[in-house]
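Dear colleague,

Please find below the structure I am handing over to you, followed by an account of its salt bridges. I would be grateful if you could read the two side by side.

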Amino acid sequence: MKFPKRALSGLMLAALALSPALVEAAIPAPRVGIASFNDLPKPLPLPYDERADANRAVTEARQRARLQHKLLLIDLGGNWCLDCRLLAGTIETPALKAFVAKHYEVLTVDVGRFDRNGQIPARYGIKGRLEGVPAVLIVDPATDRLVNPGHVTALSDARSLSPQALADWLASWLG
């Protein structure tokens with residue numbers, strides 16, 4: 001089917017406007033203050049607890065998020081994953097840490113080598129093996145529904161972004 005050029009331009013603009021990662025967030029991200037992941041403090045964090053009871057942790061984090069009127073951010077990954085550790089290290093930068101703490105209840109869940117805690121993404125409609133990690137589930141704690149369907153693995157190649165782009169992505173789900 002052929003579309004006039006003007007109609008195609010309008011369709012492309014509409015598609016871009018609907019992509020949360022490409023529009024300016026209603027609540028802008030803070031300036032992270034570092035230009036490169038190389039500027040993060042070393043060693044990078046090891047945020048995933050292999051021994052944690054993920055089911056209980058999600059239930060408790062969702063309850064805290066609901067009481068504090070925040071979104072629940074479930075970070076699925078593993079300590080072996082550089083992109084997961086870059087995400088954790090970027091969230092620990094002072095400006096982003098305060099911003100994330102204000103808007104999100106953050107929970108890290110160890111998925112091993114994609115062989116552990118698969119019931120957590122399944123709970124939010126993600127069936128089968130995750131396409132990559134970190135997989136970030138942003139959940140409305142009042143409804144227990146995924147806010148970012150189709151964008152769960154958007155940060156699985158975090159190293160291809162800048163720290164500021166990562167912060168902007170986190171902010172894009174707010175407001």
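Arg 159 is partly exposed, because its relative accessible area is 48% and the partly exposed class runs between 20% and 50%. Please note that the model is a predicted one. The partner of Arg 159 in a salt bridge is Asp 83, with 2.8 Å from N to O. This pair links distant parts of the chain, 76 residues apart: Arg 159 lies in the loop between S4 and helix H6 (163–171), and Asp 83 lies in helix H3 (residues 82–91). Asp 83, in contrast to Arg 159, counts as buried, at 3% relative accessibility.

In total, the structure holds seven salt bridges. Another of them joins Arg 62 and Asp 144, whose closest N and O atoms are 3.5 Å apart. Arg 62 belongs to helix H2 (residues 54–68) and Asp 144 to the loop between strand S3 (135–140) and strand S4 (145–146), so this pair ties together parts that are 82 residues apart in sequence. Both Arg 62 and Asp 144 are buried.

Helix H2 also contributes Arg 64, which is 41 residues apart from its partner Glu 105 in strand S2 (residues 104–110). The side chains of Arg 64 and Glu 105 form a salt bridge at 2.9 Å, N to O. Glu 105 is buried, with a relative accessible area of 12%, whereas Arg 64 is partly exposed at 34%.

Finally, Arg 62, Arg 123 and Asp 144 are joined into one network by salt bridges that share partners.

With kind regards

Note on methods. Residues numbered from 1 in each chain as written. Predicted model: local features only at pLDDT ≥ 70, side-chain atom pairs only at ≥ 80, totals over all residues. Heavy atoms only, no water. Salt bridge = Lys/Arg side-chain N within 4 Å of Asp/Glu carboxyl O. Helix = DSSP H or I, 4+ residues; strand = E, 2+ residues; numbered from the N terminus. Buried < 20%, exposed > 50% of the residue type's maximum accessible area, 1.4 Å probe, protein only.
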